[in-house]
Each structure stands twice: as structure tokens, then as C-alpha cells.
Amino acid sequence: MKVGIIKGNGIGPEIVQATQLVLEATSLQFEWIPIPIADEGLKQYGHPLPSEAVNLLKEIKLAIKAPLIVNKLQGRLACRQPDGSEIVYPSLNNAIRRELKLFVNPRPIRGISGLSEPHHNLDTIIMREITEDVYIGWEHRIGDHAAQAIKLTTREAATRLARYAFEYAKSNQRSKVTCIHKANVLNYTDGLFLECCRSVASKYPEIEFDDLMIDAACFHIVKQPELFDVVAAPNQYGDIFSDLCAGLAGSLGLAPGANIGDDTAVFEASHGAAPDIAGKGIANPIALILSGALLLRYAGYAREAGLIESATYSVLEKGELLTPDLGGTAGTMEVASAIAHAVREPVIA
Ligand code: ATP
């Protein structure tokens, strides 16, 4: 299987190495193809997201991406289009998603017995819309003392996201979809998002549907995590809500994710490059390892994906080898080796 590798910055290279070790323990054959993005893109092509990298990703269709930081960009990034025009994106991550036409960022988060107390029964998957909302980057200063941003919601993107959430629920034995929004204040934008979710929900009578204001959702997930199953979220609320869920589970290092489009998918941890712990060999690799499992399931290797997930949860539940973010003293590769070992020699219950 050909898989693109975006090594990233900060803890990126360490957690990529750990993830490759675990994926290879499944005995599937991988051809890892380095993708020149960020520093490597600048070095080879003079651009952090060269069209060569975008085309390579479109050709391979599958990639593992570590977190990225490109300080010099200060966020914004201009990408030339085939017709000669230019699109300015608010960040490199945003540019990758939109250049590849990836539209949903599923972020599953599970509590772990003994580690995530009192949130061990958290088991949710946030379906975050990733093409619009305030992250389209249409913002500007108005003189020295004001600034303005535009929040975009379209029926097409909201309906596509809602359909994805319901289809996922249907094919993964999930019983409920909750839409999070702030439609009482943002009547038009979040109002349209909610309207689209309701309209799609009416076509899936077997799946329960409800909606919550984002502030109420934050309160309820802390108090009663079991109320949440699949969550359909606009871009910004999904981004923030998933970090809250990772915190309840115990660490940002436990939250995997994917960016899915019609025929290309990029798998990445929900967390950032964690520059404060980079190069120390103590980063938690689990979010990217579980993202690797999502990649295998997406590519049709459900058995191998299940092996990685069971191995990861068994190492976590044992609690003997944990990285410092989870209260332990183990290193990144120690945890990865223990998971790889458990993949090769699964304990049959
Ligand atoms: P971004 O804006 O790119 O999401 P950020 O600055 O919000 O990044 P992170 O880079 O995710 O945040 O880091 C937030 C905190 O969580 C840091 O203290 C970091 O060390 C910690 N952290 C993030 N990921 C991990 C990980 N995999 N293992 C251990 N600690 C982590």
C-alpha cells in the first residue's frame, strides 16, 4: 500500500516514526512516500505547499500527516491555481484540506478505564465540517481599532457534512447524531447549518437526532459524556469541542483524526506540533497511531485496524507504559514498541 508521509514539525517526526513501526507490525506491506510540504516544500520547491506535493497526494490518495508549523507564514498562504489565479488560505493546514477538497474531519474520542476518570464512558465521534465557517480566512482590519471576519455556511457543505454523519452512524451501529451550533445568536449561518442537519435527519428515522447550543454541549459533555454519540459540527465549534473531549479523555495525545474527501484522505492527530516537548522523545504517539488505524479501516483493512486499536487500548488500560502527558515516564518509542508487540501477539479474550 502506498502511503504519503508528511513528517511535520515539532514532535511530528517522532510520532510518525512510532506510527510506522505500529502499522508495519500488522504485516501489511507499505511503501512510504515522503511528501514535500512545509520546510521540505520550501527547501525543494520554494513553497510550503508546492503543486508537486498536492498532485502527489492526489495521485497516492492516502497520507499520514504530522502537525505542521511554518513560522514565517504568520498563518496566511497563497496557492497558485491551474488557471493562473491565486487563493489565499488562512493557514497551511487549511490550505492542504481545501486544495485536496477534503470536506470532513472525523475525530473519534474514547475514554479509557482507569485513565480518563470520571469520563471513561466518553465514546464520541465529532464530524467537523472543514471547508467553510470563519476558517475561510475572509478577515481584515478596519483601521487600527477594529477587525472583521466573515462566517460562511452553505447549504451544500452543511448537507454534505450532515449526510456523512448520518451515513457513518448507520454503518457503524451508532444510534444518535447531535448537531452543535449557536443558532439562537447566529440565526442565518448556524441557523442554516441546523436546518440542513434537520432535513438530513428526517431521512434517517432509525437514528435519533437532537441539537445543542455549543455552550450547553460543553457543559453536558463534561457532566454526562454518555449523552454524546456522533456529533455534527461546523468548523470552528468542531475544532474547539474536540480538544475539550481530548482533555476529558486525558490528553490531546489520545485524539486521532482524519480529513476525508471524495477520493483522497489524509490522517492526522488532532493535536498540534507541541514545540515545548519536541526532540525529547516523550511525545505521546497514540493519537497518530490511532489515526493510522483509521487509515487502514478507510483503505479496507478493518481487521488490521481493529488489531491496532485493541493493542493500543490494552497498553493504555494496563497503565504500565504511559508517556508523561498521561502521568507516566515512558518514551514515545517505548510506547510504540509495546503497541507493535501487542499487534503481533494479540491477547485473545
Ligand atoms: P495547534 O494550534 O497547532 O493545534 P497548539 O499550540 O494549540 O497547536 P499543541 O501543539 O497541540 O497546541 O500543544 C498543546 C499542549 O499539549 C502542549 O503543552 C503540548 O506539549 C501538549 N501536547 C500536544 N500533543 C501532545 C502529544 N502528542 N503528547 C504529549 N503532549 C502533547
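Let's start right at the ligand, and keep in mind that this is a predicted model. The shell around the ligand includes a run you can pick out in the sequence, His271, Gly272, Ala273 and Ala274, along with Asp276 and Ile277. Ile11, Leu252, Gly253, Ala283, Asn284 and Asp325 are also part of that surround. Sorted by class, the shell has six nonpolar, four polar and two charged residues.

So much for the neighbours; now the polar atoms. Which residue brings a polar side-chain atom to 3.2 Å from a ligand nitrogen? That one is His271. Asn284 works through its backbone instead: a backbone N or O atom sits 2.9 Å from a nitrogen atom of the ligand. Ala273 also uses a polar backbone atom, and here the partner is an oxygen atom of the ligand, 3.4 Å away. As for cover, the ligand on its own would expose 620 Å², and the protein buries 58% of that.

Now, if you'll turn the model with me, on to the helices. We describe two packed helices by the angle between their axes and the distance between the axes. Take H1, residues 12-24, and H11, residues 332-344: their axes are 8 Å apart, at an angle of about 15°. Angles under 35 degrees count as roughly parallel, so H1 is roughly parallel to H11. Their crossing is right-handed.

My other pair is H7, residues 214-223, with H8, residues 235-249. These axes come within 11 Å and cross at roughly 15°, which means H7 runs roughly parallel to H8. The crossing of H7 and H8 is right-handed too.

Thanks, everyone, and I'm happy to go back to any of these views.

Key: Residues numbered from 1 in each chain as written. Predicted model: local features only at pLDDT ≥ 70, side-chain atom pairs only at ≥ 80, totals over all residues. Heavy atoms only, no water. Near = heavy atom within 4 Å. Polar contact = N/O pair within 3.5 Å; in protein donor to acceptor, adjacent residues only side chain to side chain. Areas by Shrake-Rupley, 256 points an atom, 1.4 Å probe, with all protein chains shown as cover. Nonpolar A, V, L, I, M, F, W, Y, C, P; charged D, E, K, R; others polar. Axes fitted to C-alpha atoms, helices over the stretch in contact; angles between N-to-C directions. Helix = DSSP H or I, 4+ residues; strand = E, 2+ residues; numbered from the N terminus. Parallel < 35°, antiparallel > 145°, perpendicular 65-115°, else oblique. Left-handed = near helix turned anticlockwise from the far one by under 90°.
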